[in-house]
Amino acid sequence: KENGNKFIARGCEEPQQLKSITACNRAWIEEGLKTRDSFTIILTTLRSNESPVRIFYTFNPECEGNYQNFWLYNDWFADWWHAGKLSYKGVRTFKVRINGMEKNVGIRYRITHTTYQQNPHVPPERIAFHEHNKGYYYTVYTQGMWGYKVTGGEFWTQFRHNRHTADIDWLQSPLHVVLDNNLNPYVSVAMWQIDADAHQLRQYDELPCYSPDNSAGKAARRLIAWMRRIDHQDVVYLYGDSTANAGNTIDDNNASFFEKFTAVLEDEGYHVVNRVGRSNPRVQLSGEFINEVLENGWDGWNIVINKQCHVSIEDYTMAKKDKDGSILKKRITNKETGQSYEQYGHYSDTMRYFICTVLQDEYETYATRGRRGVRYA
């Protein structure tokens, strides 16, 4: 039945060129928004005195680089996504001044998570295609989860979200703490455990210590608070960058980063065993070895990262390989502080320090024999 309604199709490649539409109170935007500015422009061109104006936005949850820095994720997902909620209803409240009076106006919104599994008509061939996607494509297109858009040249070529991340529980076993003492963007603290029965190396948690906690003493106190939360009172095995064992000429006591970190733990009664090596494992060789463990296992060992380790997983996903085979330490500048720092590679370094120490015999075997074609899977 004719009722005067109509559909208007518009392209959004140049949102600034869009003209306003009056008496339009419904819009469906499909995969159209790359920036928050585009979203704002599109919404302000839809003019109607009817309330509410309803906007439907459908998309695959992907973006260039780190999704946690993407405007859409930050505006609408960040507060609840990692709490395990895939669909959500909420209200965003804004304080506005209307007719000289301040009022709270709520904008209701709903997030509906769907995959091919909600489609009753999907053919078996399509299901097979989806379930055999690999890595990033499985995360985004099959599971419908926010993922990191990989572009090639990754350092950890064999790291797969669907294979190497999981929800893991704390084991009543020793704690292995790995440090990377770069101050910016954070001091990296990674907490690992070893499940000898399952031949599994497990990263249970992480503590990226941003400013003002990016010092040895404050990072150690962050770790102490974390250990008290899980009631860990056992020994702490400490790993990290061997160069951080060097004394600090600025410090009157000439104490190294690790000495300062350890002193704080020991003052609180923790027994610390220093397993920091005399030298760091070669970056390219250690990366090749760990990629071998990730892909095929080595003497049965495998690696799993707790899904709650978001910063670490981002680093393992986004770290790139430099032309010499090492980790590309590309520097970026914080626009607010003007500080320049290496964006990725910090938690990748902690993984190298830890695994090449606890699997030292396997690493040395790989270095002398494995690279020549002998594998022990």
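P212 sits in the loop between β10 (200–209) and α6. The peptide bond leading into P212 from S211 is cis, with omega near 10°. The model is predicted. Its protein chain holds 11 helices and 15 strands. The points below cover the chain as a whole, its backbone exceptions, three helix pairs and the surroundings of E131.

**Whole chain**

- The protein chain has 377 residues, and 43% of them are buried.
- Along its principal axes, the C-alpha trace spans about 80 × 60 × 40 Å.
- The accessible surface of the chain comes to about 22100 Å². Carbon and sulfur atoms account for 46% of that surface.
- Take the contacts between residues at least 6 apart in sequence: 67% of them join residues at least 24 apart.

**Cis peptide bonds**

- The bond from S211 to P212 is cis, and P212 belongs to the loop that runs from β10 to α6.
- N184 and P185 are also joined by a cis peptide bond, with omega about 5°.
- P185 lies in the loop between β8 (175–180) and β9 (187–195).

**Positive phi outside glycine**

- N99 is not a glycine, yet its phi is positive, near 55°.
- The loop between β5 (88–98) and β6 (101–111) holds N99.
- N99 has a relative accessible area of 78%. The cut-off for exposed is over 50%, so N99 counts as exposed.
- D299 also has a positive phi, about 55°, without being a glycine.
- D299 is placed in the loop between α8 (283–296) and β13 (302–306).
- The relative accessibility of D299 is 39%. Partly exposed covers the range between under 20% and over 50%, so D299 counts as partly exposed.

**Helix pair α6 and α7**

- Helix α6 covers residues 216–229 and helix α7 covers residues 257–267.
- Their axes come within 8 Å and cross at roughly 40°.
- Roughly parallel would need an angle under 35°, and roughly perpendicular starts at 65°. The two helices are therefore oblique to each other.
- The crossing of α6 past α7 is right-handed.
- On the α6 side, the contact uses A216, G217, A219, A220, R221, L223, I224 and M227.
- On the α7 side, the partners are F257, K260, F261, V264 and L265.
- By class, this contact has 10 nonpolar residues, one polar and two charged.

**Helix pair α8 and α10**

- α8 and α10 pack at an angle of about 70°, with axes 10 Å apart.
- The range for roughly perpendicular is 65 to 115 degrees, so α8 and α10 are roughly perpendicular to each other.
- V283, S286, F289 and I290 of α8 make the contact with M351, R352, I355 and C356 of α10.
- The residues of this contact divide into six nonpolar, one polar and one charged.

**Helix pair α9 and α10**

- Helix α9 (residues 310–318) packs against helix α10 (residues 346–358) at about 90°. Their axes are 7 Å apart.
- That angle makes α9 roughly perpendicular to α10.
- α9 contributes V311, S312, D315 and Y316 to the contact.
- α10 contributes H346, Y347, S348, T350 and M351.
- By class, the contact of α9 with α10 has four nonpolar, four polar and one charged residues.
- M351 of α10 takes part in the contact with α9, and M351 is also listed in the contact with α8.

**E131 and its surroundings**

- E131 is part of helix α3 (residues 124–131).
- Its relative accessible area is 32%. That value falls between the buried and exposed cut-offs of 20% and 50%, so E131 is partly exposed.
- Leaving out residues up to four places away in sequence, E131 touches Y116, Q117, Y138 and T142.
- E131 and K307 are 176 residues apart in sequence. In space, their C-alpha atoms are 20 Å apart.

How values were computed:
Residues numbered from 1 in each chain as written. Predicted model: local features only at pLDDT ≥ 70, side-chain atom pairs only at ≥ 80, totals over all residues. Heavy atoms only, no water. Axes fitted to C-alpha atoms, helices over the stretch in contact; angles between N-to-C directions. Helix = DSSP H or I, 4+ residues; strand = E, 2+ residues; numbered from the N terminus. Parallel < 35°, antiparallel > 145°, perpendicular 65-115°, else oblique. Left-handed = near helix turned anticlockwise from the far one by under 90°. Contact = heavy atoms within 4.5 Å. Nonpolar A, V, L, I, M, F, W, Y, C, P; charged D, E, K, R; others polar. Buried < 20%, exposed > 50% of the residue type's maximum accessible area, 1.4 Å probe, protein only. Areas by Shrake-Rupley, 256 points an atom, 1.4 Å probe, with all protein chains shown as cover.
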